[in-house]
Amino acid sequence: MANTSEALKSEMPESKHDEKILEIKNLKKYFPVKSGILQRTKGHVKAVDGINFFIRRGETFGLVGESGCGKSTAGRTITRLYDPTEGTIVFDGEDITKKKERHLFNLRRDLQMVYQDPYSSLNPRKTVGSTLIEPLKVHHIGSNLKERKEIAQSIMQRVGLNPSFINRYPHEFSGGQRQRIGIARALVLQPKLIVGDEPVSALDVSVQSQVLNLLDDLQDEFNLTYLFIAHDLSVVKHFSDRIGVMYLGNMAEVANKKDLYHEPLHPYTQALLSAVPKSHPREVKKDRIILKGDIPSPANPPSGCVFHTRCPYVMDVCKQVKPVMEEIRPDHFVACHLHNEGTTTLS
Amino acid sequence: MSHLNTGQDAKTESITPNPMNNETLGKHRSMLAIIVTKFFQNKLAVFGLIMLVIIVGAAVLAPFIATHNPNETSLGARLHEPSAEYLLGADNLGRDLFSRLLYAGQMSLLVGFAAMVSSTIIGATVGAIAGYFGGIIDGILMRIVDIVISFPNVFMLITLVALFSPSPFWLIVVFGLLSWTGTARLVRGEMLSLKQREFVLAARTLGLPKWRIIFSHIMPNAIGPIIVSATLAIGAFIIAESTLSFLGLGIQPPQATWGNMLSDAQSIPIFLNAWWFPLFPGLMIFLTVLSFNFVGDGLRDALDPRVVEK
C-alpha cells in the first residue's frame, strides 16, 4: 500500500491524483432528546444532517463552521465514536458505516484523531510512555516492552518531545507539549487518516504555528491525510488543500482553497470570509457582510435551506426546498438555490 | 520493527530544531508525591491522621496495653474514679474503663471498616456499570438505588438486626446493604462525566477494549471521590453502630463497644457522680469520627485533580 501511494505521489503533483481515501455520502447524526420517567424520545438534535464530501489521499481537508454547526460531531461520527444515524462512510475502499465496535478494531489503526483540549485529552493518571505503549500492545506492534518503548521514544523524538520524558505525567508538560503528546498518540499506530478536531484552537498563537508546522512535516513523512476541523478560517487557509464549509449540520460549500477564498459562491461562505480580520489596511474590505439573527437551533432547523433565515439573498424557493450539493465548477461544490440549475444569478 | 523508523533518522536532523526539547520541566514529581505533599499541607488532616494512627494503634495493641481484663468485674471498684490503678476510672460493674475502651475500639473500628468496604464495593460496581453503559441498564439500577434510599434506615436496621442475631457479621452485612446508594450515585456521576472526556474517546479511537477503558482509564480517575466518601463513611458507620448499641440492638454485652458502654452509662446518678463513665466512650466516638472526617476532607482536597494539575 505504501509503495503504491509513493508511486502515485511521484507521478502526479501533490494532491492532484483522484484516489479518494474517505467518501462521505448523506451522513446524518441525530441525537435523541429524551425526557420523562420512561425516557421517551421527544425529538432530535440534528447535529449532522446529510453531508457529502470526499477526501483525496494525501491532502488536507479543512472543515470549518461556527460553534455548534456539527463539525466536531461529523469528525466523531467519521471515526465511529458515534454511530451514524444515516448515510455511508467509505474509508479506504471499505464501507465502515455499519461495522460493529469489535469489527472496527483494524480500522482503528488506520483512522486516528487528535483532540482539541490538550488537558482533557490526556489521561492524568498515565505517563506519556504508557499512553503511547498501551495502543502498541493492544495492536500487537512490537514484540516486547523494550521494542514498544523504543517505538514510543522515536515517536516522541519525532514530534519534538524529549524521549527521556517518557515516564513523566501530562501535568508536567505545557499545553503545546501536551498537544504534541496527543499527536504522538495518534501517530503511534501509523494511521492513514488523522482527524484533527480543532487541534490548535486551544493553544497560544505562537505555539499554534509550531504545531501546524509539525503536522505539515509529519504529513509528508508518513503520507498522512488530514481531516482538519477548525473554526479559524485563517488557520485553515494556510493549512488546507480543500475546504468544506458547514452550517447547522449541513455542508454549504466544498471547494479547493483557492476557489473558496477568491470566489466563494455560497452566501454563508461569503459572510464568513468577510469576517476574517485583515492585517493590511488595503485588504480591509469595506463591504463586510453582517448576518442578522442567531444560528437557529439544530433541534428545530428551518425548513428548506437551513440558511434561509439569515441569508441576504433569500428567495421563495429557499424556504421550501432544501438545496442539493452540486458541482458548479470543477471541484467546486455548493448547495444553494442561487447557483443550482443556473436559474438565478448574483445581483 | 521497521515500523516507525523509515527514513526518520535522516530527517530528524534536517527539520527545525525542536523547541520543546530544551525547555525545562518542573521538578519531576509523581502524582502520588503531589497528593501526599498536598495532604500534609492541611493541618487538620494531619491532626486527624495522627489521631487515627494513635486510636487504631491502641485498639490493635489492646492486649499489650490493657491494664485489666476488659470483662473482669470487681464489686469493690464500682464507679471507681480515675486513679493510678484505674487510669480512666471504672464502670458500674467495676470493670476498668481504659481497658474496655481499647477492646471496644477494636470492635467499633472493625465494624466501621468492614461496613465501609462492603458498601463501597457494592456501590462502586453498581455505579460504574450504570454510568458506563447507560440506557436501560442505568435506568433499572438507578431506580433500585431510589428504592433502597427510600427505606427508613433506622427502622430497617432495627428490624433486620432483630431478625438476625445482632452479631458483628450481620451488623456489617446490614450496614453494607443499606448504605451503598450514595457511593453508587457518586461513581455513576463520575463515570458519566469521565466517559465523555477526550482521553476516554482517544482510548476508544485507539481500539482499546471496553474493560480496559473502564478499569484502567476511567476508574483510576474516579478513585479520589470514592476514597473520600469511603473515609467519611467509616465515621458514619461507627456512629450507626454506636446508635444501635446504645439502643441495645448492636453488639451484645459483655463484648464492649463504644456505643454499648455509653448505653450502660445512661442514668442521672452516674452522670452526676461518675462523669468519667459516659465521658470517655463519648469522647472516643467523637474523636474517631472527627478524625475520619478531617482525613476525608484532606483527601478530598489532595485528590482533587484541578488542584493537582496546577
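## Helix packing, cores and a few loop residues

Helix H5 of chain B, residues 97-133, packs against H8(B) at an angle of about 40 degrees, and their axes are 8 Å apart. Keep in mind that this is a predicted model. The crossing of H5(B) past H8(B) is right-handed.

Who actually meets whom here? On the H5(B) side, the contact is made by B:Met107, B:Val111, B:Ala114, B:Ala115, B:Ser118, B:Ser119 and B:Ile122. Facing them from H8(B) are B:Pro168, B:Leu171, B:Ile172, B:Phe175, B:Gly176 and B:Leu177. Sorted by class, the contact between H5(B) and H8(B) has 10 nonpolar residues, 3 polar ones and no charged ones.

Now for the loop that leads into H8(B). B:Ser167 is found between helix H7 (153-163) and helix H8 (168-178) of chain B. Its relative accessible area is 22%, and buried would need a value under 20%, so B:Ser167 comes out as partly exposed. What is the C-alpha separation of B:Ser167 and B:Ile251? It is 6.0 Å, although these two residues are 84 residues apart along the chain.

B:Ile251 turns up again in the nonpolar cores. The largest one has 81 residues, and the members touching the most others are A:Val159, A:Ile183, A:Leu187, A:Leu218 and A:Phe228. Which helix gives this core its largest share? That is helix H7 of chain A (residues 205-222), with 7 residues. Another core, of 54 residues, lies apart from that one, and B:Met51, B:Met116, B:Ile251 and B:Val295 are among its members.

Over in chain A, two loop residues are worth a look for their backbone angles. A:Arg80 has a positive phi, near 60 degrees, in a residue other than glycine. A:Leu248 is also a residue other than glycine with a positive phi, in this case near 50 degrees. Here they are side by side:

| Residue | Phi | Loop in chain A | Relative accessibility |
|---|---|---|---|
| A:Arg80 | near 60 degrees | between helix H2 (71-78) and strand S4 (86-91) | 5% |
| A:Leu248 | near 50 degrees | between strand S9 (242-247) and strand S10 (250-256) | 3% |

Are these two buried or exposed? With buried meaning under 20%, A:Arg80 counts as buried because its relative accessibility is 5%. A:Leu248, at 3%, therefore counts as buried as well.

Methods. Residues are numbered from 1 along each chain as its sequence is written. Chains are lettered from A and ligands numbered from 1 in the order in which they are written. This is a predicted model: local features need pLDDT of at least 70, side-chain atom pairs count only at pLDDT 80 or more; totals for chains, interfaces and linings use all residues. Side-chain values use heavy atoms; hydrogens and water are left out. Helices (H or I, at least four residues) and strands (E, at least two) are DSSP runs, numbered from the N terminus. Buried means under 20% relative accessible area, exposed over 50%, partly exposed in between (1.4 Å probe, protein chains only). A nonpolar core is a set of buried Ala, Val, Leu, Ile, Met, Phe, Trp, Tyr and Cys residues joined through side-chain atoms within 4.5 Å. Axes are lines fitted to C-alpha atoms, for helices over the stretch in contact, and angles run from 0 to 180 degrees between N-to-C directions. A crossing is left-handed if the near helix is turned anticlockwise from the far one by less than a right angle, and right-handed if clockwise. Contact means heavy atoms within 4.5 Å. Ala, Val, Leu, Ile, Met, Phe, Trp, Tyr, Cys and Pro count as nonpolar, Asp, Glu, Lys and Arg as charged, and the others, Gly among them, as polar.
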